[in-house]
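This report describes the structure shown below. It takes the chains in turn, then the aromatic contacts and a few single residues.

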Amino acid sequence: MKYVDEFRDGAVARGLAAAIAAELQPDRRYSFMEFCGGHTHAIARYGVAELLPPQVRMIHGPGCPVCVLPIGRIDQAIQMALDQGAIVATYGDTMRVPASQSLSLMKAKARGADIRMVYSAADALKLARQNPQREVVFFAIGFETTTPPTALALRQAAREDLPNFSVLCCHVLTPSAITHILESAEVRQYGTVPIDGFVGPAHVSIIIGSGPYEHFAEEYRKPVVIAGFEPLDVMQAVLMLVRQVNQGRAVVENEFTRAVTREGNLAAQAAVAEVFELRERFEWRGLGEVPYSALKIRPAYARFDAELRFGLGYTPVPDHKKCECGAILRGVKRPTDCTLFGTVCTPENPMGSCMVSSEGACAAHYSYGRFRDIPVVSVPA
Amino acid sequence: MCLALPARVLALLSADEAVVELGGVKKTVSMALTPEATVGDYVIVHVGHAIGLLDALEAERTLALFAEMAAAGDAAAAAAQAQAAAPGGGA
């Protein structure tokens, strides 16, 4: 596929690995956090972790929207379907995320809840048009990439004056989550999570541009390199980060110039600004309540806001006691540090959210990396 | 979740919709977020919407940069190997 395969060339990847190795200062270690699950997936799937010199460690960040969705929000969606009899439309990724009472959207569906997987917010609108006698709720999750399509759907619903459509808005924001990590005790006070720089989001940055990262590169003195989701993109970004660290610089650089500009997609930003406003606080799985880290629907569109329309309250629900998703999302622990990993918690039967989406740190390691954990033992003949 | 792929615009259907092609698969997507895209352009498609354009020139530049970096890396690796293999080298 054009603009995909060229960015997966193995020989070039090995050359880039050698270039990174040649530039490393022998006496130091380099820890970079890849914020996006898309990068986590690419690193695990294409063996980027093996290609990188041992001095370079990649820490998986909280940039998988499915992984950071707290149980309480999924409970709300299930409640809409089971108690209010609404049709709940959602992206496939959210279907298997564990919720309260051993439920998930998928299991609620098996109990008779009308839950439909949709490919796009526009498909949720279609469902509302086709089922005028039913309430249709779009369970909207995702970062800045998925938000503009939801904004368009809300605008369209208002234009058509659709009486039976609403959105349960769980859209979250990338820059505030990165700031939150940099402010966290593990990074700031204890230094247990050393972060020398960030691989910045690919598709999120298409929408918001590279500009929003400038303030924290400056304020926290951490380099950021926006990178595409293909393996060569990630390796080039690591090389650029190593150079910044070596030179003592901390600026925003853009590796993904083929799709990202400093300003981003202005049409998308305008649609989002018209429909959404900042939420004062929002709970993230693993990060707790993060101030101004999410969006809510503006008063002008209140009639399409499922939380207001159905008087939904939010109840935070703690994760399973043994589940380490919270620590893994903050970069404090690795998937293999969790006793549930690969035993009771697998992609087929996930206990925690990091195992649900293929972009989650646990699912990525389970699918592509778990055999690395087993030492190779040669038996003499 | 953040899966988005570059697809080529085959035909504009209306102000807001287009048929795009990706590895032989054709799909109708919303163009509301990329009103400037025209036939032949590559757009990045995510959840049924084109969310941005792909700049072919910049893509070429990035690939050229990779090739340059990789060649420099290979040369450095070869030099290090030669040094290690040379008598008295590699110290």
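This is a predicted model. Start with the contacts of chain B. Among those with a separation of 6 or more, 31% are between residues 24 or more positions apart. For chain A, the share of such contacts between residues 24 or more positions apart is 77%.

## Overall build

Chain B has 5 strands and 1 helix. Their order along the sequence is β-β-β-β-β-α. Its radius of gyration is 22 Å, whereas a compact globule of 91 residues would have one near 12 Å. Along the principal axes, the C-alpha atoms of chain B fill a box of roughly 70 × 25 × 20 Å.

Chain A contains 16 helices and 11 strands. Its radius of gyration is 21 Å, close to the 21 Å that the globule rule gives for 381 residues, so chain A is as compact as a globular protein of that length. The box around its C-alpha atoms, again along the principal axes, is roughly 65 × 55 × 45 Å.

The table sets out further values for each chain.

| Property | Chain A | Chain B |
|---|---|---|
| Buried residues | Chain A: 60% of 381 residues | Chain B: 38% of 91 residues |
| Exposed area | Chain A: about 15000 Å² | Chain B: about 4600 Å² |
| Carbon and sulfur part of that area | Chain A: 52% | Chain B: 59% |
| Positive charges | Chain A: 39 | Chain B: 4 |
| Negative charges | Chain A: 40 | Chain B: 10 |
| Distance between the centres of the two charge sets | Chain A: 3 Å | Chain B: 9 Å |

## Aromatic pairs

Over all chains, a search of the whole structure finds 9 aromatic pairs. One of them is formed by A:Phe7 and B:Phe66. Their ring centres are 6.0 Å apart, and the planes stand at 85 degrees. That geometry is edge-to-face. A:Phe7 lies in the segment before α1 (10-23) of chain A, and B:Phe66 lies in helix α1 (residues 56-85) of chain B, so the pair joins two chains. A:Phe7 is buried, at 0% relative accessibility. B:Phe66 is also buried, with a relative accessible area of 1%.

A:Tyr30 and A:Phe32 form another aromatic pair. Here the centres are 6.4 Å apart and the angle between the planes is 45 degrees, so the pair counts as tilted, a class that falls between the limits of 30 and 60 degrees. Both A:Tyr30 and A:Phe32 are buried.

Ring pairs also build a cluster in chain A. Its members are A:Phe35, A:Phe143 and A:Trp284.

## Residues with positive phi

A:Asp161 is not a glycine, yet has a positive phi of about 55 degrees. This residue sits in the loop of chain A between α7 (147-160) and β6 (165-171). A:Asp161 is partly exposed, as its relative accessible area is 48%.

B:Val47 also has a positive phi without being a glycine, at about 35 degrees. Its place is the loop of chain B between β4 (42-46) and β5 (49-54). Is this valine buried or exposed? B:Val47 is buried, at 8% relative accessibility.

## A strand residue in chain B

B:Val19 belongs to strand β2 (residues 17-22) of chain B. Its relative accessibility is 17%, so B:Val19 counts as buried, the cut-off being under 20%.

Which residues does B:Val19 touch, leaving out those up to four places away in sequence? On one stretch of the sequence they are B:Arg8, B:Val9, B:Leu10, B:Ala11 and B:Leu13. On another they are B:Lys26, B:Lys27 and B:Thr28.

B:Gly52 offers a further reference point. B:Val19 and B:Gly52 are 33 residues apart in sequence. In space, their C-alpha atoms are 15 Å apart.

How values were computed:
Residues numbered from 1 in each chain as written. Chains lettered and ligands numbered in written order. Predicted model: local features only at pLDDT ≥ 70, side-chain atom pairs only at ≥ 80, totals over all residues. Heavy atoms only, no water. Helix = DSSP H or I, 4+ residues; strand = E, 2+ residues; numbered from the N terminus. Rg over C-alpha atoms; globule rule 2.2 N^0.38 Å. Buried < 20%, exposed > 50% of the residue type's maximum accessible area, 1.4 Å probe, protein only. Contact = heavy atoms within 4.5 Å. Areas by Shrake-Rupley, 256 points an atom, 1.4 Å probe, with all protein chains shown as cover. Lys, Arg positive; Asp, Glu negative; His and termini not counted. Charge placed at Lys NZ, Arg CZ, Asp CG, Glu CD. Phe/Tyr/Trp six-rings, centres within 6.5 Å; stacked < 30°, edge-to-face > 60°.
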